[in-house]
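Here are some worked exercises to try with the model open in your viewer. Take each task on your own, then walk through the solution below it.

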Amino acid sequence: MRASAKAGALALAMLGAMLSSRAAVQAGEWDFSGSIAGELRVFPNAPAFDEQDDTRFSPSVAVEPEVVFEWNGGDDRITFVPFGRLDAHDDNRSHVDLRELNWLHVADDWDSVVGVDKVFWGVTESRHLVDIINQDDAVEDVDGEDKLGQPMINLNLFRDWGTVSGFVLPGFRERPFRSNDARLRGALPVDDDNASYESSAEEYHVDFALRWAHTFDDLDVGIAHFHGTSREPRLLPRVNDDGRVVLVPRYDQIDQTSLDAQLTKDAWLWKLEAITRSGQGDRFFATVAGFEYTIFGILDSNADLGLLAEYLYDGRDEDDAPAVITDDDLFLGARATLNDEQDTTFLIGGIIDREDQSTSFSIEAERRLGEFWKMELEGRIFVNVDEDDLILNGIRDDDVITLRLTRFF
C-alpha cells in the first residue's frame, strides 16, 4: 500500500504529544467514530485495452476512523482522520492517506485551522469548478468528489459584511492515478513517478488562497482567488525506457479567480460557478450554471422530487491546458428523497456533449439499514462515445456498477 510517510509521521507526533500530556487528557474530551466499508465493483464489459485486467469483479475494503479531542470548552479541537483502502486488483487504489490532522481554535469573531484539512467550495451538481484547495483522490472514483488532505494554515474572520478566509498552503499533493493494468485508467498509462513542475520548488511550492463569502437574504455568494500549483495536471505524451508511449503529469503555476452563487426562491435553487484562469496557455473562462426545482410531497407522499439542469462551458485551449470533457455540455438529472426513517435517496443524471452527443450517465442510491449500516449503489455508463474524445474514449468500455456496504461506529 502506498502512503505519505511525512503525513504519517506528523500524525504520530501530534497524537503522541497529546497522549503524553496528562493535564490535557484530564481536561479534555475524546470522541472516537468512523466507518468501515466493503465494496464490490462490477464491470459488465471486457476492457478496451489488452494490458488491462479482464476481471469483471473487483472487491475492496476501506476504513476511515475519526479521533476528536476537545478542550477549553470546545473552543479548541484536534481532529485526526486517516483513510485506507485495500483493493484486490488495482495496486494504486490500495493506498492510505491522511484526510485530516489539524488543530481548530475558535474565538468570538474568528477561528483558525493549522494542519491537514479538507475544504470544499461550490454549489453546482455536475462539476465543482471553484473547488481548488484539495487535490483529487483520483484512484477512488472518476467524479472528483474524493479529496486528499491538504497541509494548510487557515484563518477565518467573521464580520457583518461577510466571512474572509485566508489560506497558506505549504506542500503540494500530486494527483494519484490508477495502475497500468487497472480499469478506468484511460487509453494510455500515466507515469506519475516522473511528474514535472513549472516551479523550481516543485512540490514544496507554497500556494495561497483568499475567499470572501456572504449571505444577502436568499442569495449566498463567494468570491475567491488562488495562486499556486494547479491541482489539474497536464498529461504529456512521452516514450518511456521500454519504448512505450505514456502520459507524464506536468503541474503548472496558475492564478484562478472564481465566483460561486446560489439563490433560493421557494422551490427553486439557482446555482452558478465560474472561474477565470491564467498560466495554462491563454487566460480562459469556464462556468457551470443551472437550477434545481423541487416538487414537495409527490403523489401525496412524504417524498420530494428534485429536477436538475445545468449547462457546462469551458473555453480552455486543449493544447496548453489539461484536457476536459465538459466544454459545451448539458447536465440533466433528478433527485428523489423519500424522507423515510432510512433516509432513502436516489439520484440519476447524465452529462451530454452538445456537439457529438457523447453521454456519461450516473445513478446513485443509498439507504440506511438500522442504526449503524448503510447500503449504496452507484452506476456509471458511457454511451455513444466519440473516438476523438480524449478522455471518454479511453474508458468507453469501463461501465461500472458499485455496491457498497458501510458500517459506522
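**Exercise 1: a charged pair**

D218 and K265 form a salt bridge, with their closest N and O atoms 3.3 Å apart. The pair joins distant parts of the chain: D218 sits in the loop between β9 (206-216) and β10 (219-229), K265 in strand β13 (residues 253-265), 47 residues apart. This is a predicted model, in which local features need pLDDT of at least 70 and side-chain atom pairs count only at pLDDT 80 or more, while totals for chains, interfaces and linings use all residues. Residues are numbered from 1 along each chain as its sequence is written, and side-chain values use heavy atoms, leaving out hydrogens and water.

Task: Are D218 and K265 buried or partly exposed?

Solution.
- Step 1. Recall the salt-bridge rule: a side-chain nitrogen of Lys or Arg lies within 4 Å of a carboxyl oxygen of Asp or Glu.
- Step 2. Set the classes: buried means under 20% relative accessible area, exposed over 50%, and partly exposed in between (1.4 Å probe, protein chains only).
- Step 3. D218 counts as partly exposed because its relative accessibility is 36%. K265, at 42%, is also partly exposed.

**Exercise 2: a salt-bridge network**

Task: Which residues are linked with R404 in a network of salt bridges?

Solution.
- Step 1. Start from the total: the whole structure holds 35 salt bridges.
- Step 2. Take R404 and E39, whose side chains meet in a salt bridge (3.0 Å, N to O). R404 is in strand β21 (residues 400-408) and E39 in strand β1, 365 residues apart. Helices (H or I, at least four residues) and strands (E, at least two) are DSSP runs, numbered from the N terminus.
- Step 3. Check their setting: both R404 and E39 are buried.
- Step 4. Add R93 and D87, a salt bridge with its closest N and O atoms 3.0 Å apart. R93 is buried because its relative accessible area is 1%, and D87 is buried at 5%.
- Step 5. Put the network together: E39, R85, D87, R93, E140, E376, E378 and R404.

**Exercise 3: a run of strands**

Task: How many bridges join β19 and β20, and how many join β17 and β18?

Solution.
- Step 1. Use the pairing rule: two strands pair if DSSP finds at least two bridges between them.
- Step 2. β17 pairs with strand β18 (residues 345-353) in the antiparallel sense over nine bridges; R335 stands opposite L347 in β18.
- Step 3. β18 pairs with strand β19 (residues 359-369), again antiparallel, over eight bridges. Here I352 faces T359, and G350 faces F361. The hairpin has five residues between these strands, and Q357 in the turn has a positive phi of about 65 degrees.
- Step 4. β19 and strand β20 (residues 373-383) are antiparallel over eleven bridges, with S360 opposite F382. Their hairpin has three residues between the strands, where G370 takes a positive phi near 75 degrees.

**Exercise 4: a sheet with edges**

Task: Which strands are the edge strands of the open sheet β8-β12-β11?

Solution.
- Step 1. Read the order: this three-stranded open sheet runs β8-β12-β11, with mixed pairing.
- Step 2. Find the strands that pair on one side only: these edge strands are β8 (196-197) and β11 (234-239).
- Step 3. Look at β11 and strand β12 (residues 245-251), which pair in the antiparallel sense over six bridges. R234 has R250 in β12 as its bridge partner.
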